[in-house]
Amino acid sequence: MIPKVITIAGSDSSGGAGIQADLKTFQEYGVFGFSAITSLVTMNPDEGWSHTVTSLQADIVEAELKTIYAGAPLAALKTGMLGELETIRLTRRYIEAFKQQNVVIDPVMACKGTSDLLQPENVALMTELLLPVATITTPNLIEAGILSGLGELKSVSDMEAAAKKIMNLGVKNVVIKGGKRLAGQDALDLFYDGQAFTYLNNEKYDTDFNHGAGCTFAAAITAGLAKGYSVKDAVILAKKFVAASIKHGLEINPYLGHVWHGAYNQADKRMPLV
Ligand SMILES: Nc1ncnc2c1ncn2[C@@H]1O[C@H](COP(=O)(O)OP(=O)(O)O)[C@@H](O)[C@H]1O
Ligand SMILES: Cc1ncc(COP(=O)(O)O)c(C=O)c1O
């Protein structure tokens, strides 16, 4: 039977990140995706592509979760942008009530291209309630600096120190995405399971068409876990998948470019969108 997977995340109307990235990635991996939308992200071309995040009320999210969990058990769960504080509490309740395995927490704190961080209380509650029940969390360099309390991370040894601190928050595994932000020729990510560090390397592509990379990476890990891969193997496979999606990134409009989630199965159908 096809593994069923849920994403609890925001909608990115521009189609590259959030729920849209997750569902496209699930499809590419051959798992069946469900979505509970927590917030709506819109961008205004008349105001320099400024972002607006509109959170949905938690009772709407609860109605979505009820719908989704009415069926057979789900093989994996991913979270992204979580909106209201009550939605974070609700997510924790569902993980516990349904003994949800394979929980991937992408600690989204900002949209790429903006420096507006989400509310600190949102990050604090996510850390308190979701990391202790997570299989893995997937912070980027900025998020890892915040979660670890170490601030700006500039080197691999900074990332190692941050990974150890993040493990102390109760999560079972962490992968810190050095990505484009870490200086150097490679896009290096660090996986830590509490025992050993694994260094994930890929050529750093010279592109700005990377909107949605983080969501796609976490969604690919979720799908890999749902398919029965070990956590480490799911991360290794996801790294390859996200690298291909960045390599085949697309200019979407004058303001930004997206990763191409279809880089594996739809690569030959790729064409300019204009
Ligand atoms: N220019 C790039 N070339 C290759 N891989 C990249 C590049 N930018 C990001 N990545 C990879 O994409 C994934 C998502 O990373 P990142 O873009 O830092 O996440 P986020 O969207 O959360 O900020 C990571 O595996 C990272 O190493
Ligand atoms: C709903 C939503 N979630 C998450 C993100 C983060 O995107 P990325 O994968 O580029 O970090 C965004 C960015 O716009 C978003 O709109």
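**A walk through the helices and loops**

Leaving aside neighbours within four places in sequence, valine 171 is in contact with Leu131, Ala134, Ile136, Thr137 and Ile166. That is our starting point in what is a predicted model. Valine 171 sits in the loop between α6 and β7 (174-177). Is this loop residue buried or exposed? Valine 171 has 23 other C-beta atoms within 10 Å, and a residue needs 20 or more to count as buried, so valine 171 is buried. Its relation to threonine 135 shows how the chain folds back: the two are 36 residues apart in sequence, yet 6.5 Å apart in space from C-alpha to C-alpha.

One of the contacts of valine 171, Ile166, takes us into α6. Helix α5 (residues 141-148) packs with helix α6 (residues 156-167) at an angle of about 50°, and their axes are 9 Å apart. That angle makes α5 oblique to α6, and the crossing of the two is left-handed. On the α5 side, the residues that meet α6 are Ala144, Gly145, Leu147 and Ser148. Their partners in α6 are Met159, Ala162, Lys165 and Ile166. Ile166 thus appears both in the meeting of α5 and α6 and among the contacts of valine 171.

Let us compare this with another helix pair. The axes of helix α7 (residues 213-226) and helix α8 (residues 231-247) come within 8 Å and cross at roughly 140°. How are α7 and α8 oriented to each other? Angles over 145 degrees would count as roughly antiparallel; at roughly 140°, α7 and α8 are therefore oblique. Their crossing is right-handed, whereas that of α5 and α6 is left-handed. From α7, the meeting residues are Ala213, Thr216, Phe217, Ala220, Ile221, Gly224 and Leu225. From α8 come Val231, Asp233, Ala234, Val235, Leu237, Ala238, Phe241, Val242, Ser245 and Ile246.

Alanine 234 is a good residue to pick out of that list, and it lies in helix α8. With 26 other C-beta atoms within 10 Å, alanine 234 is buried. Not counting residues up to four places away in sequence, alanine 234 touches Ile221, Gly224, Leu225 and Tyr229. Ile221, Gly224 and Leu225 are also listed among the α7 residues that meet α8. For a wider view, alanine 234 and alanine 134 are 100 residues apart in sequence and 15 Å apart in space, C-alpha to C-alpha. Alanine 134 is also one of the residues in contact with valine 171, where our walk began.

Helix α7 leads on to helix α1 (residues 18-29), since α7 is included in what covers the buried residues of α1, along with β1 (4-12), β2 and β4 (76-79). How many of the twelve residues of α1 are buried? Ten are, and the helix is mostly covered. The buried residues are Gly18, Ile19, Gln20, Ala21, Asp22, Lys24, Thr25, Phe26, Glu28 and Tyr29. From its first C-alpha to its last, α1 reaches 17 Å, close to the 16 Å expected at 1.5 Å a residue. After α1 comes glycine 30, with a positive phi near 80°.

Helix α2 (residues 58-69) also has twelve residues; at 1.5 Å a residue they should span 16 Å, and the end C-alpha atoms are 16 Å apart, which agrees. In α2, the buried residues are Ala58, Val61 and Leu65. Seen down the axis of α2, these buried residues fall within an arc of 55°, so they line one face of the helix. They pack against β2 (32-44) and α3 (85-97). On the other side of α2, Asp59, Ala63, Lys66 and Thr67 are exposed.

Helix α3 brings us to a last stop, the loop between α3 and β5 (103-105), which holds lysine 99 and asparagine 102. Most residues other than glycine have a negative phi. Lysine 99, however, has a positive phi near 45°, and asparagine 102 has a positive phi of about 55°. Which of the two is buried, and which is exposed? Lysine 99 has 7 C-beta neighbours inside 10 Å and counts as exposed, while asparagine 102 has 25 other C-beta atoms within 10 Å and is buried.

Key
Residues are numbered from 1 along each chain as its sequence is written. Chains are lettered from A and ligands numbered from 1 in the order in which they are written. This is a predicted model: local features need pLDDT of at least 70, side-chain atom pairs count only at pLDDT 80 or more; totals for chains, interfaces and linings use all residues. Helices (H or I, at least four residues) and strands (E, at least two) are DSSP runs, numbered from the N terminus. The expected span of a helix is 1.5 Å times one less than its number of residues. The arc is that of the directions from the helix axis to the C-beta atoms. Two residues are in contact if their C-beta atoms, placed from the backbone, lie within 7 Å. Axes are lines fitted to C-alpha atoms, for helices over the stretch in contact, and angles run from 0 to 180 degrees between N-to-C directions. Angles under 35 degrees count as roughly parallel, over 145 as roughly antiparallel, 65 to 115 as roughly perpendicular and the rest as oblique. A crossing is left-handed if the near helix is turned anticlockwise from the far one by less than a right angle, and right-handed if clockwise.
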